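Please work through the exercises below with the sequence and the coordinates at hand, and try each task before reading its solution.

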Amino acid sequence: MKNSICRLIMGLSIMLGLGACSSTQTQQGWENFLSFFGSQPEIDPNSLELLEHISGTKLVLLNTPMIKFYDLAVVRISYYAIHVDLFQTGVPIGTLEITKSDVCFQGECAPKSLAARKIFGVVSYGDLFDDIFLGNDIFQGRGMRISKQGVLTQRFVMNNQEILYERTADYTVFKNLSNGVVISIQPYVLPNNNPPNPRSR
């Protein structure tokens, strides 16, 4: 049996026998995404930099029972997976890969449904990571609202857990307000090394 993502990151084992609902929406999303590139075996990551809302350097927050991370990450999309290269104070510490069937860390993989249940809790499904990183609707668009400012918001209660999910061109944030799980992704903007000098005014 494959090692779990939780065991790899935190030295814990995933409990077996936990079910999770599937996402036909995400499966269709993967098929649509892959069909865009035709039958190429591997996609040039440089060509995917045009997908700024997905690829590039991001400031990523992962606050889950199994993964605690807040720093820079480089998100890349290939034909096979979403690759998230994690850095801590500029030093690479590992790669998280989300494929069509597994969540992998450092080449060791776990089935997505088991990993999602451990990472997100009881309100989860196997493709939830995909949907968040790709900026898709979650839970088939449940509780969807669009604000006047263009913020896409899903807020709903499921299994006594309150979920808030927001997306704009500038950020994506998932919050389970009941158990404290947070995933936030936003583009990293280089700091201005030449700030204006107030004395020059």
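The exercises go from the whole chain to single residues and then to strand pairing.

This is a predicted model, in which local features need pLDDT of at least 70 and side-chain atom pairs count only at pLDDT 80 or more, while totals for chains, interfaces and linings use all residues. Residues are numbered from 1 along each chain as its sequence is written, and side-chain values use heavy atoms, with hydrogens and water left out.

**Exercise 1. The whole chain**

Task: Describe the protein chain by its secondary structure, its burial and its accessible surface.

Solution. Begin with the secondary structure, taken as DSSP runs numbered from the N terminus (helices are H or I with at least four residues, strands are E with at least two); the count comes to 4 helices and 11 strands. Next, apply the burial classes, in which buried means under 20% relative accessible area, exposed means over 50%, and partly exposed lies in between (1.4 Å probe, protein chains only); of the 201 residues, 42% count as buried. Finally, the accessible surface, from the Shrake-Rupley method with a 1.4 Å probe, is about 11100 Å², and carbon and sulfur atoms hold 53% of that area.

**Exercise 2. The nonpolar core**

Task: Find which residues have the most contacts inside the largest nonpolar core, and which helix gives the most to this core.

Solution. A nonpolar core is a set of buried Ala, Val, Leu, Ile, Met, Phe, Trp, Tyr and Cys residues joined through side-chain atoms within 4.5 Å. The largest such core has 37 residues, and those with the most contacts inside it are F120, F129, I138 and F174. Helix α4, residues 128–134, gives the most to this core, with 5 residues. To look at one of these residues in detail, take contact as heavy atoms within 4.5 Å and leave out residues up to four places away in sequence: the partners of F120 then include L128, F129, I132, F174, V181 and I183, and also N176 and N179. As background, nonpolar side chains in soluble globular proteins tend to be buried together.

**Exercise 3. An arginine in a strand**

Task: Is R167 buried or exposed, and which backbone oxygens does its side chain reach?

Solution. First locate R167, which lies in strand β9, residues 161–167. With a relative accessible area of 7%, R167 is buried. Then search for polar contacts, meaning pairs of N or O atoms within 3.5 Å; within protein, one must be able to donate a hydrogen and the other to accept it, and residues adjacent in sequence count only if both atoms are side-chain atoms. A polar atom of the R167 side chain lies 3.0 Å from the backbone oxygen of G135, and the side chain of R167 also reaches the backbone oxygen of N136 at 3.5 Å. Beyond its neighbours within four places in sequence, R167 is in contact with several residues, among them D137, M144, V151 and T172.

**Exercise 4. Salt bridges**

Task: Which residues are joined into one network by salt bridges that share partners, and where does R155 find its partner?

Solution. A salt bridge is a side-chain nitrogen of Lys or Arg within 4 Å of a carboxyl oxygen of Asp or Glu, and the structure holds 5 of them. K112 pairs with D127, the closest N and O atoms being 2.6 Å apart; because K112 lies in helix α3 (residues 112–120) and D127 in the loop between α3 and α4, the pair ties together parts that are 15 residues apart in sequence. K112 also pairs with D130, with the closest N and O atoms 2.9 Å apart, and D130 lies in helix α4, so this pair links parts that are 18 residues apart in sequence. Both D130 and K112 are buried, and D127 is buried as well. R155, in turn, forms a salt bridge with E162 at 2.9 Å between the closest N and O atoms; R155 is partly exposed, with a relative accessible area of 47%, and E162 is partly exposed at 28%. Salt bridges that share partners join K112, D127 and D130 into one network.

**Exercise 5. Strand pairing**

Task: How do β1 and β2 run, and how many bridges join them?

Solution. Two strands pair if DSSP finds at least two bridges between them. Strands β1 (residues 56–63) and β2 (residues 68–77) run antiparallel and are joined by 8 bridges, with 4 residues between them in a hairpin; N63 has K68 in β2 as its bridge partner. Strand β3 (residues 81–88) is antiparallel to β2, with 5 bridges, and a hairpin of 3 residues joins β2 to β3.
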